[in-house]
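Colleague: Could you take a close look at one part for me, the aromatic pairs and the core around them? I'd like the packing spelled out residue by residue.

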Amino acid sequence: MNRPRTSLLAILGAAALVGSLAAAPSAFAAPAPDAVKSLSTNATPTNTTSAYAGSAENEAANRQFFDAVMKSALKKQAAQPGIQVVTVRYRTTRAPSFRSQIAQSTQIWNSSVSNVKLQETSTGADFEYREGNDPRGSYASTDGRGHGYIFLDYRQNQQYNSTRVTSHETGHVLGLPDHYSGPCSELMSGGGPGPSCTNAYPNAQERQRVNSLWARGIATLQDKGELSKVR
């Protein structure tokens, strides 16, 4: 498991945007192991995997992914004074089976928030999507070097609405934590509401939080003269 890291607000208030980042997955999950089984298998998590229930380690992983992507995106746009919208670029070459769901997720997020936009690219991506089989199900993870990836698990995407899974995991890229006890109308409730939930859109509170996080990150760096130093 990962050690808890500095909170997002503390990171944004510091002279540098982020410190070193450690790899840690954050699974699309159910609220508690006794209430709902793992979305992919009944495998018992080890110290190298993320528990399916919400945890401090998962929350730290979410923050690390967001911090890494924001740093990477701002680094690319540091030469643009007065930027109001950050473009986060992603690659899909390692998730060909999910290109349709990824495109839908991108459209959903780009129509929902205004301070950050997602854009597919073939080079210079801030993160990528991957696909395959994993007992942890789908998850978001940093690579520890300023980039990250979203893993989309085959079995889980057959059991749950695939666009919701993809949009949920993309929410971690944009800074949202899991909240498995939430209703179906809350995107970051993930697998909590069960397989019948097909909502793939963030609610008003989630949209506002993403906009606030990205606006605050840009403003903090601009105010401190740090935007030009993110290199």
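Modeller: Here is a walk through the ring pairs, the core and the strands beside them.

First, some housekeeping. This is a predicted model, with local features needing pLDDT of at least 70 and side-chain atom pairs counting only at pLDDT 80 or more, while totals for chains, interfaces and linings use all residues. Residues are numbered from 1 along each chain as its sequence is written, and side-chain values use heavy atoms, with hydrogens and water left out.

Now the rings. Rings of Phe, Tyr and Trp (its six-membered ring) pair if their centres lie within 6.5 Å; planes under 30 degrees apart are called stacked, over 60 edge-to-face, and the rest tilted. That rule gives 7 aromatic pairs. Take F66 and W214: their ring centres are 5.4 Å apart and the planes sit at 85°, so this pair is edge-to-face. F66 belongs to helix 2 (residues 56–76) and W214 to helix 6 (residues 204–223), so the pair ties together parts 148 residues apart in sequence. (Helices are DSSP runs of H or I with at least four residues, strands are runs of E with at least two, and both are numbered from the N terminus.) F66 is buried at 1% relative accessibility, and W214 is buried too, at 0%; buried means under 20% relative accessible area, exposed over 50%, and partly exposed in between, with a 1.4 Å probe and protein chains only.

Then there's F98 with Y154, a stacked pair at 6.2 Å centre to centre and 15° between the planes. F98 is in the loop between strand 2 (86–94) and helix 3 (99–112), and Y154 is in helix 4 (residues 154–159), 56 residues away. F98 is buried at 6%, whereas Y154 is partly exposed at 30%. Ring pairs also link Y90, F127 and Y129 into a cluster.

Back to W214, because it is among the residues that touch the most other members of the largest nonpolar core, a set of 32 residues. The others on that list are V88, W109, F127, Y129, I150 and V210. A nonpolar core here is a set of buried Ala, Val, Leu, Ile, Met, Phe, Trp, Tyr and Cys residues joined through side-chain atoms within 4.5 Å. At least two core residues come from each of helix 2, strand 2, helix 3, strand 3, strand 4 (127–132), strand 6 (148–153), helix 5 (162–173) and helix 6. Helix 2 gives the most, with 6 residues. V210 touches W109, V113, V116, L174 and L176, leaving aside residues up to four places away in sequence; contact means heavy atoms within 4.5 Å.

N115 is another neighbour of W214, and its contacts also include Q84, V85, V86, N211 and A215, again leaving aside residues up to four places away in sequence. N115 sits in the loop between helix 3 and strand 3 (116–120) and is buried at 17%. A polar atom of the N115 side chain lies 2.8 Å from the backbone oxygen of N211.

Finally, strand 4. Of its 6 residues 5 are buried, so the strand is largely enclosed by the rest of the structure. Strand 4 pairs with strand 2 in the parallel sense over 3 bridges, and R91 has E128 of strand 4 as its bridge partner. Strand 4 also runs parallel to strand 6, joined by 6 bridges, with L152 of strand 6 as the bridge partner of E131. Two strands pair if DSSP finds at least two bridges between them.

How values were computed:
A polar contact is a pair of N or O atoms within 3.5 Å; within protein, one must be able to donate a hydrogen and the other to accept it, and residues adjacent in sequence count only if both atoms are side-chain atoms.
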